[in-house]
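Q: Got a minute to go through this one with me? Let's start with helix packing, then move on.

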Amino acid sequence: MNYHMDAHKKLTIGLFGFGVVGEGLYRILQQTPSLKASIKKVCIKHPGKKRNAPEDLFTTNKDELLDDPEINVIVEVINETEPAFEIVTTALKNGKDVVSASKKMLAEHLAALLDLQKETNRSILYEAAACASIPVIRNLEEYYDNDLLHSLRAIVNGSTNFILTKMFEEKLDFKQALLLAQQLGFAESDPSLDVEGIDAVNKWALLLAHAYGIVADPKKIVFNGIQNIQAGDATVAAEKHYEIKLVGQAKKLLNGKVAAFVLPQFVKSDDHLSFVKNEYNGVVIESGFADKQFFYGKGAGSFPTASAVLSDLSALRYQYRYEYKKLYHHTPLELTDEFYVKAYVSFDDWSFIPKDDFEWIEEWHAESDRKYLIGVLSFRELKSSAWWRENKTSLILTPEPIIEDVEIRKLKKKSLELAGIH
């Protein structure tokens with residue numbers, strides 16, 4: 001009997017942050033009494049703001065939540081990385097479970113948080129930190145075995161996807177589309193975290209841990225955003241029946257290592273990811289015998305994000321925790337940059353493009369002001385250089401962009417044969 005009582009433990013919550021997600025969670029909990037979860041205190045930064053909740057719920061003193069023995073779960077949905085890390089660390093050490101939506105904090109401190117979970121025997125859940133309403137972390141954690149997970153491709157940032165959709169469907173240029181995203185609340189007033197790909201690479205670092213057991217510093221993952229994509233790139237994509245998306249990709253190579261990056265990519269019109277429009281997110285998982293599976297849902301916003309927090313809270317009632325199976329129970333895989341990628345590169349001035357870096361160039365268009373080429377590059381070369389991010393250069397990967405060493409040798413041989421050189 002005792003076990004049964006414990007299995008559905010009552011959650012008394014200390015909430016940090018009452019912005020879009022925090023208030024969303026407060027509203028949802030009011031509408032789901034069956035969950036037996038209640039918010040005891042909310043810690044906020046600015047006490048003077050008008051809030052749609054009783055005044056005695058709020059405090060500016062974090063210790064009121066962290067030191068309260070009745071509070072057994074801390075939910076942390078604030079924007080600042082270091083304060084969030086301090087809150088989570090203290091909560092775990094004080095014997096409280098944690099639910100967090102702060103992807104930047106989680107990605108930058110993942111190794112330390114893994115150690116803390118072991119040390120304190122508490123659980124930290126963060127489904128809301130990647131793809132909001134899509135249960136991708138728990139699926140990767142529970143459902144896909146290490147050996148069977150071939151690849152993962154995803155649109156994980158709703159703001160950039162909204163901007164790209166508008167550039168395509170309404171022929172807006174980048175600045176107009178960004179402005180519209182800001183007006184509708186899909187992009188922050190300082191949009192650089194989204195637009196430059198930083199938010200996406202933080203989420204990607206979290207997904208890599210659950211997909212392949214790789215704990216990588218997000219700064220070491222090659223990424224870029226959509227800040228240099230031009231209306232002309234959208235035109236070229238349309239001519240080729242492609243769309244442009246900011247895609248996180250991870251693929252297990254023949255050598256057993258993993259290629260991973262977050263970069264703009266051409267997506268074919270029959271690709272699952274081409275159906276993902278506006279602020280939605282989508283994840284395509286390819287595994288051994290199940291072929292492709294596609295997850296789709298809202299990737300931002302008050303209720304979608306709060307619903308993921310709610311799902312984590314619900315799981316805590318059953319003492320659920322991430323086991324990090326791929327990391328602790330298998331040999332974790334490692335990242336590699338020993339492969340090649342095929343990319344479209346558009347630019348204004350040829351002198352900024354190191355053409356010797358390309359293994360070969362397949363297409364070359366130089367007649368207009370804006371020039372472009374399509375060619376194959378070593379990923380290691382890409383990682384160690386910055387030309388493709390600078391001087392208004394736009395680099396977009398082609399569909400199926402990864403070429404492995406073995407293939408490159410065959411392709412080179414073939415191209416030489418075609419040129420009549422044996």
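A: Sure. This is a predicted model. Helix 2 passes helix 13 in a right-handed crossing.

Q: What's the rough crossing angle, and within what distance do the axes of helix 2 and helix 13 come?
A: The angle is roughly 60°. The axes come within 8 Å. Helix 2 covers residues 20–31, and helix 13 covers residues 302–316.

Q: Which residues meet there?
A: From helix 2: Val-20, Val-21, Gly-24, Leu-25, Arg-27, Ile-28 and Leu-29. From helix 13: Ser-302, Phe-303, Thr-305, Ala-306, Ser-307, Val-309, Leu-310 and Leu-313.

Q: How do the residues of that contact divide into nonpolar, polar and charged?
A: Ten are nonpolar, four polar and one charged.

Q: New topic. Where is Ile-39 found?
A: In strand 2, residues 37–43.

Q: Is Ile-39 buried or exposed?
A: Buried, because its relative accessible area is 15%, under the 20% cut-off.

Q: What is Ile-39 in contact with, neighbours within four places aside?
A: Ile-13, Leu-15, Tyr-26, Leu-29 and Leu-57. Leu-29 also takes part in the contact of helix 2 with helix 13.

Q: Now pockets. How much space lies in the second largest pocket?
A: About 440 Å³. It has 18 lining residues. Closest to the centre are Arg-153, Gln-249, Glu-286, Lys-292 and Glu-400.

Q: Which element gives the largest share of that lining?
A: Strand 16, with four residues. Strands 7, 9 and 10 are also among the elements that give two or more.

Q: And how does the lining divide by residue type?
A: Nine charged, five polar and four nonpolar.

Note on methods: Residues numbered from 1 in each chain as written. Predicted model: local features only at pLDDT ≥ 70, side-chain atom pairs only at ≥ 80, totals over all residues. Heavy atoms only, no water. Axes fitted to C-alpha atoms, helices over the stretch in contact; angles between N-to-C directions. Left-handed = near helix turned anticlockwise from the far one by under 90°. Contact = heavy atoms within 4.5 Å. Nonpolar A, V, L, I, M, F, W, Y, C, P; charged D, E, K, R; others polar. Buried < 20%, exposed > 50% of the residue type's maximum accessible area, 1.4 Å probe, protein only. 1 Å grid on protein atoms, 1.4 Å probe; cavity = no way out; pocket = protein on both sides within 12 Å on 5 of 7 lines; lining within 4 Å. Points joined across faces, edges and corners; volume = space filled by probe spheres on them.
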